[in-house]
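Biologist: I've just opened this one and I'm new to it. Could you walk me through it?

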Amino acid sequence: MATKRTLEVELSTTGMDAQGRPQRVPLVVDDGGSPVALEAPPAIEPDLAGEHMLINIGPQHPATHGVLRLVLELDGETVVRCIPHIGYLHCGFEKSGEYRQYNQIIPYTDREDYLNSPGNNVAFALGAERLFGIEITERCKVLRVILCELSRIISHLVWLGTTCIDIGAFTPFLWSFEQREKVYVLFEKWIGARLTTTFTRVGGLGADIPDGWTDDLKSFLTAFPKVVDEIDRVVTKNGIWVGRTIGLGVMTAEEAINHGLSGPMVRASGVAYDVRKDFPYLDYETYDFDVPVGTNGDVYDRYLVRMEELRQSVRILEQASARLPEGPINVKDHRVILPPKSKATSDMESMIHHFKQVMEGPRPPLGEVYVPVESPKGEKGYYMVSDGTSKPVRWRIRPPAFVNLSAIPKMVEGHLLSDVIAINASIDIVMGEIDR
Amino acid sequence: MGLSRRPDAALAQLSSGGDPWVTTRLDFVVNWARANSLWPMPFGTACCAIEFMATAASRFDLARFGMERQSFSPRQADVLICAGRVPFKLAPVLRRIWQQMPQPKWCISMGSCASSGNGIFDNYAVVQGIDTIIPVDVYVPGCPPRPEGLLYGIMLLQKKVMNERAADKSLRNEMEPDPRSQLYIPPPVIDEISEPFGNSVHQTRSGL
Amino acid sequence: MSTSFTPVVAGSALPADAPAAATPKSISHRGGSPNPTAAALQARFPNSVRSVTVVWGETTVIVDRGQLLETVRWLHDDPSQRYDFLADVTAVEFRDLEQPIEVVWHLRSLPYRRFLRLKVLLEKGTPLEVASVWSVYKSADWLERECYDMFGIRFTGHPDLRRLLMWEQYKEGYPLRKDFPLRGRFSRSEQLRQALAANPEARYSKEELTIAQAFEDLPDDMRRRLSAGEKTGE
């Protein structure tokens, strides 16, 4: 795991000091030419200094990345306390899941963390397959790795675009969304949908990749790192960016673990915890990739960690597309996978399998599972409890963004109002997952 | 039945006397200006908001429709594009934002969740269609709708705006739902009216 | 110039010759080898541990609710256990309404790379209360609030147990209970009316209003209702 941080940063814009703040020119000089400190005027209304202001941000606000409401107690412009209110996008996912068969829950998984739809589909399928006791085929594993990493790329691109807008840079938003469109074209060719993919099934995938898809993926992977480099050139050492993000929202390693942070949030604080490395799935231990870890736990480190994760995802994708084995994508078990239509209309046994699966749905044995995966936001898992019927008794989403956001009161205390926006952006929240 | 007067009624009176040429040219100019510079207020909640952002980005580009200036303040907006599912907790917020928008204003309900609650979200928490809260002009189906779909919806709205007449006062009427008004139907009456088909509170429907 | 720093690495407490982490394969439904913590818990809290099961490779330990906080604190502090990461707090109610509600904690030990599921059974008819683990893990803050919101389980010792996802005045009940219908208890029009009746601008709690010293600016009936103890905020 490589550390990606140097303390001395060479700035590309002049007129800034090492912290990215403009060089100060003294306004008042005495006769000798040396600057004179101005004295603050005496406080006329000492009461004014003690009053705190209550400000309400949201729930509708462009910079809250969804319908989040923050009530801030301000002392001047410094935040004394932050009380977040969520639930404005609570749509009863977990309740709805109790009334659906396992394959019918997959559309719900797209729509909660909608930036990471294919990744969520994979996470759910892994959990359901563990619950059913099914081993998927090798080709399916590699294709799911490709889905996970592509969805990590598009999620980080949204984060990058919207965070740049929040901090003031508009152009990287257009660049990152153009790259998302290229991934959308790949998804459309294979899956048929752009955003909400609903692509995995218990035991396999919806469809195999079309001919020539891996060539399209390779050409995307050749062009994409250049765009990442371009955004890097413009943003990473920019004095304004550095000045607005260094030292903000610091969480130490112990605090981060205790608050349950995961994903880039905890890795930026110096904790090398990545579910792909520590509790692997889909044979991730056989891929050669690094996990970036930050040192300071501030907003700037989270940005660097996510930028590096984009590059590492490209690395994994190259390896995955090179090793894609031949074979079927679905398991041969007709209790979970629909038989081919021609057999279902001619062969009695296949017809019965088809009927049972469509009308009732596949039934797992009694049990419960929790299989975590590394989503772009952190440790995500679906805790499923089965009572032997085709609908789960309890379907719980462990939402990484929810737990990451619960640390925001700690992170913004003592910072300025404009820093609240930057810190909020750095958590990479997606309200669909937080509120479910 | 106590419904408001149909807008056609006003038009019928006008066209019987014949429209002055000046008024129709003025209508055209005003509507053309409004239709081609609709400033959207993106009330984006969920996945549709991401597709809205993709529509506003470089490949599909809302700027060529004059909608580049997205105003997140409702006071400066023309169109409320509700993109995403609206739970009951968010309903008063949506209503308040609609009330804060000055006339002339329109609403596009983007996506199936905003248009009708989307079959998968027929549960205790989600508003089954924002037209129960605010008046909607164009419904764009899809989950999420493709950017081309949203653009088609915007073009339909533009056509609707072009067909407006300044003399028709009923277009800019705003009504508060008042329990005493004839529009309010109390719950027992709703249950009775929907008896042959059931309504959402009857849990035996479709076995769920 | 970069100063060297040691990252906190998961698996740091494992011996150097421990096998590397790998994707689990061919997991049996039942009868896998349990997490060593289960045996340690049975040794340390013999009266409290009711059962240990291993399903699909995951160890579940059911403990008595009386000693829960002590158990969790021991799991967090003991150097041979070091469960430093609380992944989730949730509850399960079964369709058979006679079965107790299970409150589930998912604990993870990063140094030892272990996963443990801890459960407490709350029999129906007994008060749905269990100790809060907020004093041990700060991540329990919102996780327990959500569990209270959805199931009505009170976590004693939680600093601020309020509804989180539904609004505080929500009258229909606790959504994830099995006796709560999918579409809610009220009709759609009634749900809409109750939702629209909430004034979004009056949604500051009394605590928030004290900060702003804005209590006097409220209209009369609002002040009366707040002073009577009604919680307007979420």
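Modeller: Sure, let's start with chain C, which reads β-α-β-β-α-β-β-β-β-α-β-α-α-α along its sequence. This is a predicted model, where local features need pLDDT of at least 70, side-chain atom pairs count only at pLDDT 80 or more, and totals for chains, interfaces and linings use all residues. Residues are numbered from 1 along each chain as its sequence is written, with chains lettered from A in the order in which they are written.

Biologist: What makes something a helix or a strand here, and how many does chain C have?

Modeller: Both are DSSP runs numbered from the N terminus: H or I over at least four residues for a helix, E over at least two for a strand. Chain C has six helices and eight strands.

Biologist: Why is B:S37 called partly exposed?

Modeller: Because B:S37 has 13 C-beta neighbours inside 10 Å. Buried takes 20 or more other C-beta atoms within 10 Å, exposed 12 or fewer, and partly exposed is in between, with C-beta atoms placed from the backbone. So B:S37 counts as partly exposed. You'll find B:S37 in the loop between α2 (21–35) and β1 (40–44) of chain B.

Biologist: And how much of chain C is buried?

Modeller: Buried residues make up 37% of its 234 residues.

Biologist: What counts as a contact, and how many residues of chain B are in contact with chain A?

Modeller: Two residues are in contact if their C-beta atoms, placed from the backbone, lie within 7 Å. On that basis, 27 residues of chain B are in contact with 29 of chain A. On chain B's side, α3(B) gives the most, with five residues.
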